[in-house]
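Got the model open in your viewer? Keep a selection box handy, and we'll walk through a few stops together.

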Amino acid sequence: GLERGAKNQFSTFSNFITTINQKKEGIGNRNSPTQLVIPNIKNVRDLPPICLDVRQKQRISIDTLPQELKAPIPPEPSLPIRTKTVKDFQDDVEKAKSSGDWKAVHDFYSTTFDSFLEINAAFKKDTSSPFNTIEDSGINAKFVNVVYDALLNTPQDVQKSVLKGIINGLLQEWKGPRTKDDLRAYCILLQNPQFSNTSTYVIYAHLLRQIAALTEADHHFLVHWSKKISQRRFKQLVDRLLQFISLRLFPAKPEEFPPMVKCTWWIPSATKVLALFNAANSLISPPIVSYTDFYNSTLDHIDLMEEYHNWQCYGNSHRFSFCQYPFIISIAAKKVIIQRDSEQQMISIARQSLVDKVSRRQKPDMNMLFLNVKVRRTHLVSDSLDELARKRADLKKKLKVTFVGEAGLDMGGLTKEWFLLLIRQIFHPDYGMFTYHKDSHCHWFSSFKCDNYSEFRLVGALMGLAVYNSITLDIRFPPCCYKKLLSPPIVPCDHNTFVGICDVTLDDLFQVMPELAHGLSELLSYEGNVEEDFYSTFQVFQEEFGVIKSYNLKPNGDKIPVTNQNRKEYVQLYVDFLLNKSIYKQFAAFYYGFHSVCASYALLLLRPEEVEILVCGSPELDMSALQRSTQYEGYQKNDLTIRYFWDVVLGFSLDLQKKLLHFATGSDRVPVGGMADLNFKISKSETSTNWLPVAHTCFNQLCLPPYKNKKELKQKLIIGISNAEGFGLE
């Protein structure tokens, strides 16, 4: 940020801008459709939502535009000749620092930022070249970075001259179609570090507004140019926009900004520009920054359901909602939306059941408000399948589980036990529904053909019920499974429409069958004669119940050899066969099962990675957070045994920490809300210290004997958590 004295000096810019506008009005404003008056903004229209409707079944990515899509290009004005180099500028700065005479530096800054033409003259790599392609912005990025890095260390009058120039530039350029030089200037101005200071937010807001109002074709150029920015500076730009949105929503000093009613376009403009950076980030593999870097945790504290209902009611109309830009909403906030939407659906269905009962003059029964599942332990899968199929209309009610012949009320423990037992049984290799791949440590759908795929529907419904009832499952599916689960995110009305089919690549196969994917990768890079050396055709073979079956990847594939020319097609068809076509019926049943419970527009807000976190939890462990939220029964947190326990656990390797979490809770992953949502409890076990610790996974409870010293506790704990498989569930 700027030096402390900056705020008072910059606070006069509102008056300065108003003065400029008054002068412009005296000259005449025929060519200026919108005046830049700060802060007395009148008759300023709200920006349109400026986004694609995320409720479209097939979303259109910004990179699907033709490579050289252009609006009618106005003639580029000739640029002034500026010869200062990076070395010249650095020399000027060093001389100014040693002599105290900043005139040369001041002149450079005030001239360079006085107009869009001057910005291009200074920072364009070659002023004689148009640079009209998306591949090269023509910006001398090194010079821009050096100039901006030096800016915050210059005297205040230099910094003020830059802001004055930017205001002039924005006033001059707010008319007519954009040239590529204009886009370059916008791209450069966005990187100005002065916009991290709240005293510059009025100017920053108008810059964002102009960028947000550009045509789709202009946005296309800005997106592709932005992906060339270095990771550090890209992250700074994203953070600056997120901070701008947060401080406009919850200003530390409200008097610093114009009244909210006069700048309703600030947040939509900033969010739209942030969407351009999100699009740029998604064009690169791996992305420049993590998708979580676009989360704005400030939104966790606004009325999310109002945002959600506005989005549902008004869609992509002129009413802004953050749900139009789901990338900015954190997974914790999305979970709140999904849970509350689920609760509302649960209440609505339960109320309807009650009304139906009363209208028939029947005595209401509290059980009708729940999805009551009664199963026998000896027939767990078949009973569960029958119950869910028979009570399909009740799937959106609160789940309650009863084990036949056992006295016990389901306060959450029985439900979790039902999930744990069912998942373990269904995913057991002997059951044959899923294949476990040791190299990738994940399960994938068995391609064996059968007459009934209802058990795959059951697994999908289980996943949906887990999300619906906030249960974390110990399931290991690869990321492409969740991508398929959102293809499409809303179940199509036409049942003949294919579901669960998505674009898959060799990278997706690497996450399921890395050894096979490596072989196909070797085929693509093979430098010899593929046809003669591999002697393969567009036909693949699979073993099913001891019988080898062949499948053509394309018509007459068994007669088409794989060659150097068509090997890319062969690999793509093979990957598509393995991850889409060969398991279509299995996955379609799984898809319909999941969506029979989780059918909601809220799913449109989610990325595949976020669906995985909702189902399975996050792999990021924070044992210190677990220590802070742990409850105790029979112990106090300062007891010697408890202090020994946390000393040992915090010193564990990540692998042992995961084993402890799996031992105590049934999963080595963390719920979306963090460790606090586990409700982890340590109870005192009044048994001999020769015994190992015991876990009640249904209640996330660890029973710990009062071991006499740290060494004994560590030894017994490691033995217990490392040999828990096969002991059965408590």
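How many bridges join strand S1 to strand S2, and do they run parallel or antiparallel? Select residues 370-375 (S1) and 398-403 (S2): six bridges join them, and the strands run parallel. Two strands count as paired if DSSP finds at least two bridges between them. For one pair to click on, take Lys374, whose bridge partner in S2 is Thr402. Now add helix H15, residues 380-390: the chain goes from S1 through H15 to S2, a right-handed β-α-β crossover. Right-handed here means that, with the strands pointing away from you, the path from the first strand over the helix to the second runs clockwise.

A word on ground rules. This is a predicted model, where local features need pLDDT of at least 70 and side-chain atom pairs count only at pLDDT 80 or more, while totals for chains, interfaces and linings use all residues. Residues are numbered from 1 along each chain as its sequence is written, and side-chain values use heavy atoms, with hydrogens and water left out. Helices (H or I, at least four residues) and strands (E, at least two) are DSSP runs, numbered from the N terminus.

**Next: H15 meets H17**

Keep H15 and select helix H17, residues 454-468. Their axes are 10 Å apart and pack at an angle of about 75°, so H15 and H17 are roughly perpendicular to each other. Axes are lines fitted to C-alpha atoms, for helices over the stretch in contact, and angles run from 0 to 180 degrees between N-to-C directions. Angles under 35 degrees count as roughly parallel, over 145 as roughly antiparallel, 65 to 115 as roughly perpendicular, and the rest as oblique. Show side chains for Val381, Ser384, Leu385 and Leu388 of H15, plus Ser454, Glu455, Leu458, Ala461 and Leu465 of H17, which make the contact (heavy atoms within 4.5 Å). By class, that's six nonpolar, two polar and one charged. Ala, Val, Leu, Ile, Met, Phe, Trp, Tyr, Cys and Pro count as nonpolar, Asp, Glu, Lys and Arg as charged, and the others, Gly among them, as polar.

**Then: H3 and H6**

Jump to helix H3 (residues 86-99) and helix H6 (residues 141-151). The axes come within 10 Å and cross at roughly 10°, so this pair is roughly parallel. Among the contact residues are Phe89 and Val93 of H3 and Phe143 and Val147 of H6.

**A four-strand sheet**

Which order do the strands of the open sheet follow? Scroll to the sheet and read off S7-S8-S10-S9, with mixed pairing. Its edge strands are S7 (631-633) and S9 (694-696), each paired on one side only. Inside it, S8 (residues 681-684) and S10 (residues 701-704) pair in the parallel sense over four bridges, and Lys684 stands opposite Leu704 in S10. Helix H27, residues 654-665, lies across S9 and S10, running at about 60° to S9.

**Last stops: backbone oddities**

Zoom in on Pro286, in the loop between helix H12 (266-282) and helix H13 (304-314). The peptide bond to Pro286 from Ser285 is cis, with omega near -5°. Another cis bond joins Ser487 and Pro488, with omega about -5°. Finish at His441, in the loop between strand S3 (434-437) and strand S4 (442-445); His441 isn't a glycine, yet has a positive phi of about 55°.
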